[in-house]
Amino acid sequence: HHGATCSRVVLDGRAETATMMWHPPLDLNDRFDVDAVSMFAARQLKIESDVVPTDAINEDMRLTPHVRAVGGWRGPLAAGRKTEEYRLAYQVIEGARRLAREAAMAPDVLDKDWCRDGEALKAMLGHGEARQAQIITCLAKACRVQLEAQPNMVRVNVPAKVFGDIHGQFRDLLLLFEQFGFPYHCGGDIQTTSYVFDGDFVDRGEHQIEVVILLFALKTVYPSHIFLVRGNHEFREMSELGTSDCFQRHIKWRLPQTWMPVYNAIHEAFDWLPMAALVGGRALVLHGGLGDGSWGLRDIEKMHRPLVRPSAGLELDLVWSDPSDSDHIMWKGVHENPDRGDTKIHLFGPDVTAAFCEREQISVIIRAHQYVPQGYKVMHSGRLLTVFSARNYCGVDDNDAALLLLAPDHNGHLRVHPKRLLATPRLEGDAAQAGIPVPGDFFRSSWSSAPSGSGMTGCSSCLAFLKSGTRPQASGAKRPGGSPAY
């Protein structure tokens, strides 16, 4: 904690080294492509981690036990540096780091129009479906080991960053990393900052596998710094709705020959995801909401895992319920939730949030689960915040993406700092006249009113499934207008 006195100071046995590679100087009198030069310069920076060199240690020195580090900073169960799991995870993280730099320097595009032929997956896993499937399965099992060892409500040190729904929009996640700090020990901030990803990693987006494999890799390498919280889309019943953008169909399309063991390995890890995170002892992070607010933190800790399907009550509240969108007195109490299409899913008012926080000694609730235009929204007298990390959601709206940084300040407070990534500019003029959808207020209304052909039939199917329990008929795995990308 900020300002706290540690028991002692120890010296780490490794060091990170940055190398600025030489290239010929530019003649400023000559004309040149600024973007090309920036891209070239970015590739010249190399940061590596290695043991402290001998010439950085005093001659004939013997390290006193008092400053010798015991245990690794990455976590007691972190994959060893010589293991296959670590090597593969490190490969994925390095590839994602390069992709993030290149995405930040390239012209901005929607996630759905970026790397449509699997270039991002190849950059992290290499070529060939069989090899890609092997790596994904390996990291899914390695991540599951870490998740099984953690409680149902994880305790997270501060400072910490909290991310909302990603929904397979990998480019937006990389840009948030690149602009506000990458979870990496070679040039990033993972040694000083915790990361919480608040569910809904999959469904709907173009790069669902890429999002999952990067989060699994990060959890494998940095288990004490990376925390994954379960959302309502990390359940098989959502992945198997049969819509064109559901996770199961996405896996089939991307890995047509090897999809089944990959899909099963990923969901076996999902079944062990924690249901909540307590950040700095004062901020409760969960995906959905409080529901009727009748339960407490100890009830979360007592929940059974692996959890295959959420049942009514606490489990359903945590991943499905929503706060009222107004602090008006008429919204006090617990209500039916018209946007979710099921009477068992609650809509809770500001008084429910206030009572829960006071009873459980929590300062603020942070949740995801709902689209918000600015990427974050302050609600219920400031005791509740919604965060959403997928901009231009599904490629049809103009919402921003955001993360929330929780950091101690010098006043003894745990301060929330929103970090926002603006939406890609709307299409106007000729594009709109040509029939290309222009983002607007599509999501301002209930998802249940999504028009057919809008690209959001998956939302309507979710609601229909909640009402009837019947999944829509699945069609073939191949995505219209695209081919499998290995």
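This report describes one helix and several aromatic ring pairs in a predicted model.

## Basis

Local features need pLDDT of at least 70, side-chain atom pairs count only at pLDDT 80 or more, and totals for chains, interfaces and linings use all residues. Residues are numbered from 1 along each chain as its sequence is written, and side-chain values use heavy atoms, with hydrogens and water left out.

## Helix α12

Helix α12 spans residues 350-360 (helices are DSSP runs of H or I, at least four residues; strands are runs of E, at least two; both are numbered from the N terminus). Its buried residues are Pro350, Val352, Thr353, Phe356, Cys357 and Glu360. Buried means under 20% relative accessible area, exposed over 50%, and partly exposed in between (1.4 Å probe, protein chains only).

Viewed down the axis of α12, the buried residues fall within an arc of 160°, so they line one face of the helix. The arc is taken from the directions from the helix axis to the C-beta atoms. Just after α12, glutamine 361 has a positive phi of about 55°.

## Aromatic pairs

The whole structure holds 20 aromatic pairs. Rings of Phe, Tyr and Trp (its six-membered ring) pair if their centres lie within 6.5 Å; planes under 30 degrees apart count as stacked, over 60 as edge-to-face and the rest as tilted. The ring centres of tryptophan 114 and phenylalanine 170 are 6.3 Å apart with planes at 40°, so this pair is tilted. Both tryptophan 114 and phenylalanine 170 are buried.

Tyrosine 371 and phenylalanine 388 form an edge-to-face pair, 6.2 Å centre to centre with 75° between the planes.
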